[in-house]
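Please open the model in your viewer and keep the sequence panel beside it. The tour below proceeds by selection, with a description of what is found at each stop.

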Amino acid sequence: MNGEPEIPEEFEARLKAYEGRPAAATGVGRDPVNAPMIRHWCEAMGDTSPAYTGPDAIAPPTMLQAWTMAGLTRRPERTAAYDELLTLLDASGHDAVVATDCEQEYLRPLRPGDRITFDSVIESVSGRKATKLGTGYFVTTRTDIRADGTLAGTHRFRILKYAPAHRPSKPREPRPRPVVNRDNAGFWEGVARHELLIQRCTGCGALRFPWLPGCNGCGWPDWDTVAASGAGTVYSYVVMHHPPFPAFEPPYAVALIELAEGVRIVGNVVGVPYDEVRIGMPVRLEFRRYDDELVLPVFQGVTP
């Protein structure tokens, strides 16, 4: 295109040229229609219809797409034409995607033992549409699903490929405040002084965390505290991707830290990439100020 912007009418004509081209060819279901999948589906949906059990059982019609799904791997039957269409939209700035709706038509019931094959076609590419998400194009594929060679149903699936609309940035929301009560107030007073205090039962000497009004070992109500040394290891962890919370920036690692004193505490692992956090990783206690009022204990990952 010699570096010149493409004329919208010409671009849309290029998109329309993909209509009618195959999106998937000679696809084969990974498993025959089977009773275990039907049972799992009905349990998940709370569907107790007797039509889906017993020797004459059929599959719920809404399972139509389930028999064609490939999991997390790329579909071998997916065609170059569909990839080209998506690449063309990506290159033009319409690189965000959201599924919008699907339509299904049922022609005959599916039964355990049926072997599924299917073909998909790029049925339509819409003109340029403005939505709240951004401006883009709706791409609809139609999949014809066959059971032992006989057409059993049709599944239409529609996505929006769009350029995200610009939204003015919002002020960063404050981090949620911990709940402070009479049982744990001493812990948060220690955090404000950059001390991580662990309760110690004065009856049996057991250390405990989180803070409790009495010892859950011997039942003794009195206690004092010891300050944690700050050394610990990652006992377990999760990486938070979704759902997003306004005061946090995913992805980030949240870990259950086993302190050198033997008790465990939940906290963020900082200072290392989230995907390098590992069980057994050494950590060191730090205190991080998030605003004028909030200080929290976090754990700096220690890499070799």
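How many bridges pair strand 2 (residues 96-106) with strand 6 (residues 150-164), and in which sense do the two run? There are ten bridges, and the pairing is antiparallel. This is a predicted model, in which local features need pLDDT of at least 70 and side-chain atom pairs count only at pLDDT 80 or more, whereas totals for chains, interfaces and linings use all residues. Residues are numbered from 1 along each chain as its sequence is written, and side-chain values use heavy atoms, with hydrogens and water left out.

Two conventions apply to the strands and helices. Helices (H or I, at least four residues) and strands (E, at least two) are DSSP runs numbered from the N terminus. Two strands pair if DSSP finds at least two bridges between them.

**The long strands**

Stay with strand 6 and select E103, whose bridge partner there is R156. Next, add strand 5 (residues 134-147), which pairs with strand 6 in the antiparallel sense over 14 bridges. Within this pairing, G136 has Y162 of strand 6 as its bridge partner. Strands 5 and 6 form a hairpin with two residues between them, and D148 in the turn has a positive phi of about 50°.

Then move to strand 3 (residues 116-125). Nine bridges link strand 3 to strand 5, again antiparallel; F118, for example, is bridged to I145 in strand 5. Strand 3 is also joined by four bridges to strand 1 (residues 22-28), which runs antiparallel to it. Here V28 has T117 as its partner.

**Helix 2**

Select N34 and helix 2 (residues 35-45). N34 caps the N-terminal end of the helix, with a side-chain oxygen 3.0 Å from the backbone nitrogen of M37. Just after helix 2, G46 takes a positive phi of about 70°.

**A loop residue**

Now select R182, which is in the loop between strand 6 and helix 4. R182 counts as exposed because its relative accessibility is 82%; buried means under 20% relative accessible area, exposed over 50%, and partly exposed in between (1.4 Å probe, protein chains only). From R182 to A99, the C-alpha to C-alpha distance is 49 Å, across 83 residues of sequence.

**A three-stranded sheet**

Display strands 7, 8 and 9, which form an open sheet in the order 8-7-9 with antiparallel pairing. Strand 8 (207-208) and strand 9 (223-227) stand at the edges with a single partner strand each, so one side of each is left without a neighbour in the sheet. Strand 7 (residues 197-201) pairs with strand 8 over two bridges, and R200 is bridged to L207.

**Cysteines**

Which cysteine sulfur is nearest to that of C204? The sulfur of C218 is, at 3.8 Å, and C204 is in no disulfide. The structure holds zero disulfides (pairs of cysteine sulfur atoms within 2.5 Å). The closest cysteine sulfur to that of C218 is in C201, 3.6 Å away and too far for a bond. Both C204, at 44% relative accessibility, and C218, at 43%, are partly exposed.

**The nonpolar core**

Finish with the largest nonpolar core, which has 24 residues. Such a core is a set of buried Ala, Val, Leu, Ile, Met, Phe, Trp, Tyr and Cys residues joined through side-chain atoms within 4.5 Å. Those with the most contacts inside it include L196, V234, I257 and F299. Strand 11 (252-259) is among the elements that each supply at least two residues, and its four residues are the largest share.

Definitions and conventions: Polar contact = N/O pair within 3.5 Å; in protein donor to acceptor, adjacent residues only side chain to side chain.
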